[in-house]
Amino acid sequence: MAGMKPFNSGHEDLIHDVVYDFYGRHVATCSSDQHIKVFKLDKETSEWELSDSWKAHDSSIVSVDWASPEYGRIIVSASYDKTVKLWEEDPDQPEGSGRRWTKLCTLNDSKGSLYTVKFAPPHLGLKLACIGNDATLRIYEALEPSDLRSWTLTSEVKVLPVPPANHLQSDFCIAWCPSRFSPEKLVVSTLDQASIYQRGKDGKLYIVAKLNGHKGLIRDISWAPSIGRWYHLIATGCKDGKLRIFRLVEKLSDNSSKDAINDSYDDEDVDMEDIAENKEKSLLGSSVSVELLSEHDDHNAEIWSVSWNLTGTILSSAGDDGKVRLWKSTYSNEFKCMSVITSNS
């Protein structure tokens, strides 16, 4: 077993999210104490040192993310106060001053507490997705990257017919497809369901597949980089104690869907549902098939976090057992636990 080295974050309440920047030299954390903290790695001592800390929201901050470095030093945060905020680093301000990160803008379209916010992969432009307790997926885009204070709501999708009641436990997660060779896609988990959305040629988002089999709230979801693979991998961590790994295969559609639409209109016994389905296939330009590759209950407890490495070859999972487990695929395409990291080592 490998060991973990703790460091004092200085947060005064529960930490909800911890995210590395692109280079792995800075870490952003957020907490119920309404503060965001940024730490930098000291190369000589390998210690994490506080770079800056600031009160960012008026309620618990549950999600943070870094933009791709080609767009600058930008952090996004989401909170139970129903807002998403964007922050930019000002290198002219001293570290530890509380003024090093300045607010660019506030996005306040959500009608409920927000649960997660994620930047899209950089090849899609500077855009982000967020979702919360109003069960609405929203995608914003900085249409003019030179003006990072101006963001446009470009998509708004109801993911549940009725939002969950406030007194019930709920969870929502988002993960973007990182491949630049695939159409724009993201997977959205809502309570115990997970759906893959793809943007069609008409600019709208359509459900192209579902990840079935969860028997509890989905706590986290991660889409693997598909370097050197002809298929995609998605991992989920669930309240039912199971780590699940799904394989997705994309198939480009030919012109048969378009021909089927035309043939349907010529048919006297026309089925409007068939026409709608064929039209949707034509707009998407591809189809997606999903299979459950494997599921594991090694944690014997609720799983809260899953994450792939940069090459999509190693998966990490963290659960209520206080352990981080590392998973790797064998030659027979089976995922095995290769290492267990514990804070007690």
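Mentor: Let's start with a definition: two rings of Phe, Tyr or Trp count as a pair if their centres lie within 6.5 Å, taking the six-membered ring for Trp. Keep in mind as we go that this is a predicted model.

Trainee: Okay, which residues do ring pairs link into a cluster here?

Mentor: Look for F7, Y20, F39 and W48, which ring pairs join into a cluster.

Trainee: And how many aromatic pairs does the count come to?

Mentor: Eleven aromatic pairs, by that rule. One of them is W54 with W101, a stacked pair with 5.9 Å from centre to centre and 10° between the planes. This pair ties together distant parts of the chain, since W54 is in strand β5 (residues 48-55) and W101 is in strand β9 (residues 101-107), 47 residues apart.

Trainee: Are W54 and W101 buried or exposed?

Mentor: For this you need a cut-off: buried means under 20% relative accessible area, and exposed means over 50%. W54 has 5% relative accessibility, so it counts as buried. W101 has 4%, so it is buried as well.

Trainee: What does a pair look like when it isn't stacked?

Mentor: The general idea is that a pair of aromatic rings is described by the distance of the centres and the angle of the planes. Planes under 30 degrees apart count as stacked, and planes over 60 as edge-to-face. Try W230 and Y231, an edge-to-face pair with centres 5.0 Å apart and 80° between the planes.

Trainee: How do W230 and Y231 fare, buried or exposed?

Mentor: W230 is exposed, because its relative accessible area is 63%. Y231, on the other hand, is buried, because its relative accessible area is 12%.

Trainee: Which residue lies over the face of Y231?

Mentor: That's R247, at 5.2 Å from the ring centre.

Trainee: On to the strands. How do I read a sheet?

Mentor: Strands of a sheet pair through backbone hydrogen bonds, either parallel or antiparallel. Then you follow the order of the strands. Here, one open sheet has four strands in the order β18-β19-β20-β21, with antiparallel pairing.

Trainee: Which strands are the edge strands of this sheet?

Mentor: The edge strands are β18 (218-223) and β21 (286-296), each pairing on one side only. On average, neighbouring strands of this sheet are turned by 20° against each other, ignoring direction.

Trainee: Can you zoom in? Over how many bridges do β18 and β19 pair?

Mentor: Five bridges, in the antiparallel sense, with β19 covering residues 232-238. For a single example, find I218 and look across to its bridge partner in β19, C238.

Trainee: Let me try another sheet. What is the order of the one that has β14 in it?

Mentor: The order is β14-β15-β16-β17, an open sheet of four strands with antiparallel pairing. β14 (172-176) and β17 (205-210) stand at its edges with a single partner strand each, so each has one side without a neighbour in the sheet. From one strand to the next, the twist averages 30°.

Trainee: And what goes on between β15 and β16?

Mentor: β15 (residues 185-190) and β16 (residues 193-199) pair over six bridges in the antiparallel sense. Within that pairing, S189 is opposite A194 in β16.

Trainee: Now cysteines. How many disulfides does the count come to?

Mentor: A disulfide is a covalent bond between the sulfur atoms of two cysteines. The count for this model comes to zero. You can still check where cysteines sit: C130 is buried, because its relative accessibility is 2%. C177 is also buried, because its relative accessible area is 3%.

Trainee: What about the backbone? Which angle does K82 show?

Mentor: Its phi is near 75°, a positive value in a residue other than glycine. K82 belongs to the loop between β7 (74-79) and β8 (84-89). With a relative accessible area of 37%, K82 is partly exposed.

Trainee: And where is N300?

Mentor: N300 is in the loop between β21 and β22 (303-308). N300 isn't a glycine either, yet it has a positive phi of about 55°. It counts as exposed, because its relative accessibility is 70%.

Trainee: Last one: which residues does UniProt list for "repeat: WD"?

Mentor: The UniProt record, an unreviewed entry, lists residues 54-88 and 296-328. In the model, the end C-alpha atoms of residues 54-88 are 13 Å apart, and the span is 0% helix and 54% strand. For residues 296-328, the end C-alpha atoms lie 13 Å apart, with 0% helix and 58% strand.

Conventions
Residues numbered from 1 in each chain as written. Predicted model: local features only at pLDDT ≥ 70, side-chain atom pairs only at ≥ 80, totals over all residues. Heavy atoms only, no water. UniProt positions renumbered as here; feature names shortened; annotations may be inferred. Helix = DSSP H or I, 4+ residues; strand = E, 2+ residues; numbered from the N terminus. Buried < 20%, exposed > 50% of the residue type's maximum accessible area, 1.4 Å probe, protein only. Lys NZ or Arg CZ within 6 Å of the ring centre and 35° of its normal. Pairing = 2+ DSSP bridges. Axes fitted to C-alpha atoms, helices over the stretch in contact; angles between N-to-C directions. Disulfide = S-S within 2.5 Å.
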